Amino acid sequence: MKTGARVIVGGVFATMVGFAGVGSYNLYQGLTGSSGVSPAPEVKSGPVSEAEARKTARAFLTAWAKGKPEQAAALTDNAASAGPALDSFQEDLHISELKLTAAEQDGVKIPFSVRAELVVDGKTSTWTYDSSLRVKRGERSGKALVDWQASVIHPKLKRGESLAAGAAKAPPVEVVDRNGTVLDTETYPSLSAVLPQLRQEYGDDAGGSPGSEVWISDAHGETGETLHTIKKGKPGKLRTTLDAATQRAAEQAVRKFDTSSVAAVQPSTGRILAFANNPADGFNTAFLGKQPPGSTMKVVSAAMLLEKGLVSAYKKAECPKYANGGGRQFHNLNKFEITPDDTFAESFARSCNTAFIKFAGDLGNGDLTRTAREVFGLGRDDWKIGVPTADGTIPEAGGPNKAAALIGQGQLQMNPLNMASVAATAKAGIFKQPILVPVELDNRPLAKASRALSPSVAEQLRTMMRRTATSGTGAKVMAPLGGDIGAKTGSAEADGEDATSWFLGYRGDIAAAAVVQQGGHGGDAAGPVVADVLRAGR
């Protein structure tokens, strides 16, 4: 590190000198007539004491602040990773002075603040933030060591990531909604999942000029979130299809559950009106998630069965307790059954699995895949919304996997944006690829459906979804909304238990879908999230 670097260690650390211990050891040697050969040091075990944690943390922070990355790394449980990371922090950020101040100790956790003086492109900037470290017992050495994680350097760093500083690779952007309302990450925290991508992709087209910054760089050198501005650039204005009121409702709705995501789409245009994740700074499940969608997939399956003439919304349909599909027995939730005099619309509204499974033998291995691709635009990997997406996985399947796919299980993988698009397609009768950034900005080609739903199939599908929303499994959350509504509930099983809650629905010209991990039945967790978003939509 350049001269001038220094460390400040707060009063939480007491100065400890081990003279008494050394004297006692020498006295013991003298009394026993030791030959002078030191015994092998005893390897300590058990939890690290607070005193050990203080001592180790003090030594680590001191070495780090003095620009001695190898010495600091030796005090961690992964010196091979810690050394290069600490050296990179020092050199790549052009630090001229570093202060590390420990805060009040919490057991073996030591919070500390960082104050770094950076000199980049001839400009000096002060960067301050808080971080923390934990001390653990080394498995082999028995020593108290810093539990090395990338987040020790900065709390937002993940494995494989590092910090970089210099001229920004793209101008900053001011993201606005479709009406020109500024969308900042403080008010709309889920935007942090896409802002770096929007900036890199459209910064040069939005009319701004770059400054200099500190940013997160991933293992491939791709630029991530900006953490500190050294020299401000001129932001360009980037208009999105988002609607501020709907986005605000989505942000609030997902906070009801620890791990949840939602996306909302306008059926008539494909414009994405909102998306949100909780936690907001984690993985963007709304656009990139991949997990079985449960019975929400029955919207696609029903469309396929209707097109083939195997069912009619208004004709009788069997819904027994059990049905065999590809050599495996399937059953309904709590093994319910519906009288044979009831219609397929009733089976759909009550989410009867067996009413779908029993047709597995009448279908080809690729029938569901073709309907999903050709009508609903899924599984083709050709969506260009403005940022990366996972566009659904619906592989051709035989045997029990073919049957399971009809009810959204097996090898299917979807996310809330995929399923919001399914709801939008059912409402509009034709697939409109979701978009986040208007096409006019870059003239990118959009994915198109090979064919639309026939008027008869579209009408029957909406009838069944309306019945679900007004008197079926989605009625509790959807019926109070009123208006032109439709819905489908779902839950994806894990180890035989209903674990992941799914729900999709539409109201007027807005469609939405949500997933809640460990949420149980779709109407209990994901349903309220979707209802809140639809209620706010315009």
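Visitor: How does the lining of the largest cavity divide by class?

Guide: Welcome! That lining has 8 nonpolar, 3 polar and 2 charged residues. The classes are fixed: Ala, Val, Leu, Ile, Met, Phe, Trp, Tyr, Cys and Pro count as nonpolar, Asp, Glu, Lys and Arg as charged, and the others, Gly among them, as polar. Please keep in mind that this is a predicted model, in which local features need pLDDT of at least 70, side-chain atom pairs count only at pLDDT 80 or more, and totals for chains, interfaces and linings use all residues. Residues are numbered from 1 along each chain as its sequence is written, and side-chain values use heavy atoms, with hydrogens and water left out.

Visitor: What makes a space a cavity, and what makes it a pocket?

Guide: Both are found on a 1 Å grid over the protein atoms alone: in a cavity a 1.4 Å probe fits but cannot get out, whereas a pocket is an open set of points with protein on both sides within 12 Å along at least five of seven lines. A residue belongs to the lining if it has an atom within 4 Å of a point. The structure holds 2 cavities of 30 Å³ or more.

Visitor: Which residues lie nearest the centre of the largest cavity?

Guide: Asn365, Leu368, Ala397, Lys402 and Ala405 do, out of 13 lining residues. The volume is about 80 Å³, meaning the space filled by probe spheres set on grid points that are joined across faces, edges and corners. Helix 11 (367–374) and helix 12 (399–405) each supply at least two lining residues, and helix 11 gives the largest share, with 3.

Visitor: What lines the second largest cavity?

Guide: Pro267, Ser421, Ala424, Thr425, Ile430, Phe431 and Lys432 line it. About 30 Å³ of space lies in this second largest cavity, and its lining has 4 nonpolar, 2 polar and 1 charged residues.

Visitor: What is the volume of the largest pocket, and which residues are closest to its centre?

Guide: The volume of the largest pocket is about 890 Å³. It is lined by 28 residues, and Glu161, Ala193, Pro196, Gln197 and Gly224 are the closest to its centre. By class, this lining divides into 10 nonpolar, 9 polar and 9 charged residues. Helix 5 (195–202) and strand 8 (223–231) each supply at least two of them, with the largest share, 4 residues, coming from helix 5.

Visitor: What makes a run of residues a helix or a strand?

Guide: Both are DSSP runs numbered from the N terminus: helices are H or I with at least four residues, strands are E with at least two. The protein has 16 helices and 16 strands.

Visitor: How do you know that the span of helix 14 agrees with what it should be?

Guide: The expected span is 1.5 Å times one less than the number of residues. Helix 14 (residues 455–470) has 16 residues, so it should span 22 Å, and its end C-alpha atoms are indeed 22 Å apart.

Visitor: Why is Glu346 called buried or exposed?

Guide: Buried means under 20% relative accessible area, exposed over 50%, and partly exposed in between (1.4 Å probe, protein chains only). Glu346 is at 15% relative accessibility, so it counts as buried. This residue is found in helix 9 (residues 344–349). Leaving aside neighbours within four places in sequence, Glu346 is in contact (heavy atoms within 4.5 Å) with Ile338 and Arg467.

Visitor: What makes a set of residues a nonpolar core?

Guide: Its members are buried Ala, Val, Leu, Ile, Met, Phe, Trp, Tyr and Cys residues joined through side-chain atoms within 4.5 Å. The largest such core has 85 residues, and Leu198, Phe287, Phe344, Phe356, Leu461 and Met464 have the most contacts inside it. A second, separate core of 41 residues includes Ala73, Ala144, Ala150 and Ile153. In soluble globular proteins, nonpolar side chains tend to be buried together. Leu461 and Met464 are among the buried residues of helix 14.

Visitor: What is notable about the phi of His94?

Guide: His94 has a positive phi of about 55 degrees although it is not a glycine. His94 sits in the loop between helix 4 (79–92) and strand 1 (95–102). With a relative accessible area of 31%, His94 is partly exposed.
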